[in-house]
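Morning, everyone. I have one model to go through today, so let me put it on the screen.

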There are 2 protein chains.
Amino acid sequence: MEPLRVGLCGLGTVGQGVVELLARNASSIARRAGRSVIITRVASRTPKPEVDLAGATFSTRLDDVVRASDVDVVVETMGGEAAARQLMSDSCGAAKHFVTANKALIALHGQELLAAARNAGVMVRFEAAVAGGIPIVKALSEGLAGNRIHWIAGIINGTSNYILSAMASDGASFADALASAQALGYAEADPAFDVDGIDAAHKLSILSALAFDTPLQFDAVYTEGIGAITAEDIEYAAALGYRIKHLGITRRTSAGIEMRVHPTLVPETRLLSRVDGVTNAVVIHSDAVGASLYCGPGAGALPSASAVVADLIDVARGNALPAFGQDPAPARVPIDDIESAYYLRIPAADQPGVMARVAQILSSKEISIESVIQREQAIRADTGTAWVPVIILTHRVIERDLNQALREIQQLDDVVDTITRIRVETLDADG
Amino acid sequence: MEPLRVGLCGLGTVGQGVVELLARNASSIARRAGRSVIITRVASRTPKPEVDLAGATFSTRLDDVVRASDVDVVVETMGGEAAARQLMSDSCGAAKHFVTANKALIALHGQELLAAARNAGVMVRFEAAVAGGIPIVKALSEGLAGNRIHWIAGIINGTSNYILSAMASDGASFADALASAQALGYAEADPAFDVDGIDAAHKLSILSALAFDTPLQFDAVYTEGIGAITAEDIEYAAALGYRIKHLGITRRTSAGIEMRVHPTLVPETRLLSRVDGVTNAVVIHSDAVGASLYCGPGAGALPSASAVVADLIDVARGNALPAFGQDPAPARVPIDDIESAYYLRIPAADQPGVMARVAQILSSKEISIESVIQREQAIRADTGTAWVPVIILTHRVIERDLNQALREIQQLDDVVDTITRIRVETLDADG
């Protein structure tokens, strides 16, 4: 059978990983693909003479790949948005299959890409866009294809998970843990994209569309980063039997689809709470299987290349991604309407009756308390006032009601600083 | 497009699960399969009028399914060996695709089945044969298809894992934990198949063949069950920072392929050590991804049905399992030749110098000791002698050398009962 001819666009970390992996495991890849998978053309902004392209033709112009008659499939490992979007459009226009590792591209322009691919009769695959080395797109769209998905909860940003793990193991502050992540190359110089949750929101919107067969809708993801988490929150959470993880959560409810990315207390009895460092992990809860968990590296040259190569093997075998996005956009559940339990850290004056006043407000909104921790007194550096952190774990409640209660509590004279609120997910069958 | 017409053979737990799932999620299954998947014929030894077959034609004769012109794919959910083997052969003979949930069939006769299917030009799939609800066959043969697999270690028998988990959490004896598993329906009246490791060995031989592209070779699996594990071993292992799990392990070494099923000490820092109850979990270590973990229910009507339906969707889409078993049978590493660390429990007379004599023998074989626990004295019920369990964790050593040392230690006058030996696997990158 004719080889599958790959045109590789982008020769950064992931692109080089693809070159390396296709060369290293060429014979087993050919066996599994039913034919050889060879790179015939490579484009990159700057030549990289140190990379062995094994005879592929190099160009600094993307057009030399997209228009080439000896390319069957374009692999996009450039990253970024505008150029990648143009490439996918040109690639479909030239009737070439398209494999990408670009989560922003899929999250923001996937709908357009899928439509263009359908019109052009070509295959599109993006396994590397979510959770790098874990074949989660395949698990969701093929392995669990017989299931109705109830919810997904995942650690899908390695940088944030590394930082929270470091804070938990060393008691480090967010700033120190971030600096250590940057020193190790786990975080960018400008870390906002990761620690503010944007990267996780990109991935979550893709998982949600695959799971619920809905159009991609990145704008509808509620997104909160980890910048406000303190070492004390992690310690109090541990005392209550929880670990704090930055999760992407999407869920089908009677009101519509929830999509949210935020720090979350997870019971320490859950495997997901024990996934540390830059590792990613995704729990899928579905009607037939119940809970299943997929865990592995979320990024890196070779893990991402593994996903790209799996996609290429699928393209070689003619195994297109099953259609999705067929359900007309269902109602999205606004964050105010979700139901969750909450961890509250209330900085309160060390005076009798504070707890009673807080409890009274919660009770007036029918919010019941599961546990309370009251810690020893501290002194505010700026004012010299004595205060205590009051830690409360609530039962499940609608977020809007919780917010109303919090506004009232925040205005109590006893409350000396801003209240911290973190959502709690038990991850049991009913979510 | 024409519907995919299914002939279902076997209407037990899994068969009924398939009927239920295909009915319940019919529209999303059709969307993902690109066409409807409908059951046209059902065969079962005894009619089950309580099962709604939605118009499918029922027969007590398998032939009425295999020979039917309105069946494209035969689904085998009967279990057992002889009849299933005949069915797979007849099914290939009738040029029908074949999907099975039968691990014994694949482990023992898979080679024959794959050859027959190749000759007949039909697809064969068996996702449900290993780790029920976890799409592990797909992860291994498609999701990680670009990788060279180094090793696999998995909890692949739910019954054994339930028993070990119950022993660990309650301090129950093996016999009591087994009785509780039987009461809950997690173990058969005759539990040998599960607790002796045969079931795990079936599954391991399938995983090994998929991972290393080798022919199925069930007979070459070294198999040890959990019957000799005591609550004390679990307690001592915990004191050393380990949990005891019944693992299937297959590994590619320079000497060949290891395939073994046995109780194993796993560091409690590993996620795999925290997978409890009837849940299955498989760690795959490969060159590009490193370690990835897949975890979920290993059995049950709907998890198994989920796997069967995923296979049916693949058949509907024409996505055949990539060829495997192409490597000529490589050398199998005999259990004597493996390298492992070991946990030893040596029942010794409570006399000075015992530890020195044991250490001297180990040292003479160049076996170094990582840790030792010496517990308080106990009295042997039968002889009234005072004794102490000496617990030793060794560094890695060739099993043959360890066995020689153990024979000498066993013959020491100080050693008052049979030595227990359990392998230790750290599951780090080099295995």
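I will take the relation between the chains, then their contact, then one helix pair.

Keep in mind that this is a predicted model. Start with the symmetry. A turn of 180° and a shift of 0.0 Å along the axis lay chain B on chain A, with an RMSD of 0.1 Å. The two copies are therefore related as by a two-fold rotation axis. Which residue of chain B comes closest to the rotation axis? That is B:Tyr294, with its C-alpha at 2.4 Å.

Now the contact. Chain B gives 44 residues to it, and chain A gives 44 residues. On chain B, the elements that each supply at least two residues to the side touching chain A are α2 (26-33), α6 (136-143), β12 (290-297) and α12 (301-317). By class, that side of chain B has 24 nonpolar, 12 polar and eight charged residues. The same surface serves both copies, as 100% of the contact residues of chain B recur in chain A.

Strand β12 also pairs across the chains. Three bridges join β12 of chain A, residues 290-297, to β12(B), and the two strands run antiparallel. In one of these, A:Cys295 has B:Leu293 as its bridge partner.

Last, a helix pair inside chain A. The axes of α4 (residues 82-93) and α5 (residues 103-120) come within 9 Å and cross at roughly 10°. With angles under 35 degrees counted as such, α4(A) is therefore roughly parallel to α5(A). The contact of these helices has eight nonpolar, two polar and one charged residues. Among them are A:Met88 and A:Cys92 from α4(A), and A:Leu105 and A:Leu113 from α5(A).

Methods. Residues are numbered from 1 along each chain as its sequence is written. Chains are lettered from A and ligands numbered from 1 in the order in which they are written. This is a predicted model: local features need pLDDT of at least 70, side-chain atom pairs count only at pLDDT 80 or more; totals for chains, interfaces and linings use all residues. Axes are lines fitted to C-alpha atoms, for helices over the stretch in contact, and angles run from 0 to 180 degrees between N-to-C directions. Helices (H or I, at least four residues) and strands (E, at least two) are DSSP runs, numbered from the N terminus. Angles under 35 degrees count as roughly parallel, over 145 as roughly antiparallel, 65 to 115 as roughly perpendicular and the rest as oblique. Two residues are in contact if their C-beta atoms, placed from the backbone, lie within 7 Å. Ala, Val, Leu, Ile, Met, Phe, Trp, Tyr, Cys and Pro count as nonpolar, Asp, Glu, Lys and Arg as charged, and the others, Gly among them, as polar. Copies are superposed by least squares on the C-alpha atoms of residues with pLDDT of at least 70 in both. Two strands pair if DSSP finds at least two bridges between them.
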